[in-house]
Amino acid sequence: VQLQASGGGLVQPGGSLRLSCEVSGSIFRINDMGWYRQAPGKQRELVATISRGGRTVYADSVKGRFAVSRDNAKNTVYVQMNSLKPEDTAVHYCYADAQAMGVRYSLVYWGQGTQVTVSS
């Protein structure tokens with residue numbers, strides 16, 4: 001199971017970015033998917049998660065600004081980030097709680113991280 005994230009970059013304060021993360025490989029089922037981020041010198045923190053049925057959870061710092069979604073047919077999770085602030089600058093990591101084919105349990109898999117920089 002592999003995760004490939006894309007969509008990071010440099011944006012001015014108040015701007016928007018959309019991150020995507022596709023899960024590939026021999027997948028039987030994907031449960032929760034979502035995003036974490038890690039800023040320099042800080043611990044990795046939750047950004048948003050979405051269950052297979054579409055239930056979402058957000059960090060307080062991004063509520064009302066970010067929207068997480070998923071396309072189960074494409075095994076892809078997205079996060080639309082609006083009204084970006086300098087404090088959103090971090091490496092953003094996607095994850096998926098996935099069950100591989102022929103395996104009776106799920107594991108958490110991580111993407112490689114994509115840099116989001118908010119600066120004027």
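These legends accompany close-up views of a predicted model of one protein chain.

**View 1. The whole chain is built from strands, with zero helices**.
Let's start with the overall picture before zooming in. The protein chain has 11 strands, and reading along the sequence gives the pattern β-β-β-β-β-β-β-β-β-β-β. Its radius of gyration is 14 Å, close to the 14 Å that the globule rule gives for 120 residues, so the chain is as compact as a globular protein of that length. Taken along the principal axes, the C-alpha atoms fill a box of roughly 50 × 25 × 25 Å. Of the 120 residues, 42% are buried. The accessible surface comes to about 6,500 Å², and carbon and sulfur atoms account for 46% of that area. Among contacts with a separation of 6 or more, 53% join residues that are 24 or more positions apart.

**View 2. The largest nonpolar core brings together 28 residues**.
Here we look inside. Within this core, W35 and M81 are the residues with the most contacts. Many strands contribute: β1 (2-6), β3 (17-24), β4 (27-38), β5 (45-50), β7 (66-71), β8 (76-81), β9 (90-100) and β11 (114-118) each supply at least two of the core residues. To follow M81 outwards, set aside its neighbours within four places in sequence; the residues in contact with M81 are then G15, S16, L17, L19, R65, F66, H92 and V116.

**View 3. V77 is a buried residue of strand β8**.
How accessible is V77? Its relative accessible area is 0%, and V77 therefore counts as buried. Not counting residues up to four places away in sequence, V77 touches L19, S20, C21, M33, G34, W35, I50, V68, S69 and R70. One of these, W35, also belongs to the pair of residues with the most contacts inside the largest nonpolar core. For a sense of scale, V77 and G14 are 63 residues apart in sequence, and their C-alpha atoms are 23 Å apart in space.

**View 4. Y36, Y95 and W110 form one aromatic cluster**.
A search of the whole structure finds three aromatic pairs. One of them joins Y36 and Y95 edge-to-face, with 5.7 Å from centre to centre and 75° between the planes. Y36 lies in strand β4 and Y95 in strand β9, so this pair ties together parts that are 59 residues apart in sequence. The rings of Y95 and W110 also have their centres 5.7 Å apart, but their planes are at 45°, so this pair is tilted. It links distant parts of the chain, with Y95 in strand β9 and W110 in strand β10 (residues 107-110), 15 residues apart. Which members of the cluster are buried, and which are partly exposed? Y95 is buried, at 9% relative accessibility. Y36 is partly exposed at 25%, and W110 is partly exposed at 39%.

**View 5. R44 lies over the face of Y93 and over the ring of W110**.
Stay with W110 for a moment and bring an arginine into the frame. The charged end of R44 sits over the ring of W110, 4.8 Å from its centre. R44 also lies over the face of Y93, at 3.8 Å from that ring centre. W110 thus appears in two views, as it is also a member of the aromatic cluster with Y36 and Y95.

**View 6. D88 is a buried loop residue**.
D88 lies in the loop between β8 and β9. With a relative accessible area of 1%, D88 is buried. Leaving aside its neighbours within four places in sequence, D88 is in contact with R37, R65, F66, S83, V116 and V118. Three of these names will be familiar from the second view: R65, F66 and V116 are also among the contacts of M81. D88 and Q38 are 50 residues apart in sequence, yet 9.5 Å separates them in space, C-alpha to C-alpha.

**View 7. S51 is found in the loop between β5 and β6 (56-58)**.
Is this loop residue buried or exposed? At 13% relative accessibility, S51 counts as buried. Beyond its neighbours within four places in sequence, S51 is in contact with N31, D32 and R70. R70 is also one of the residues that V77 touches.

Terms used:
Residues numbered from 1 in each chain as written. Predicted model: local features only at pLDDT ≥ 70, side-chain atom pairs only at ≥ 80, totals over all residues. Heavy atoms only, no water. Core = buried A, V, L, I, M, F, W, Y, C linked by side-chain atoms within 4.5 Å. Buried < 20%, exposed > 50% of the residue type's maximum accessible area, 1.4 Å probe, protein only. Helix = DSSP H or I, 4+ residues; strand = E, 2+ residues; numbered from the N terminus. Contact = heavy atoms within 4.5 Å. Phe/Tyr/Trp six-rings, centres within 6.5 Å; stacked < 30°, edge-to-face > 60°. Lys NZ or Arg CZ within 6 Å of the ring centre and 35° of its normal. Rg over C-alpha atoms; globule rule 2.2 N^0.38 Å. Areas by Shrake-Rupley, 256 points an atom, 1.4 Å probe, with all protein chains shown as cover.
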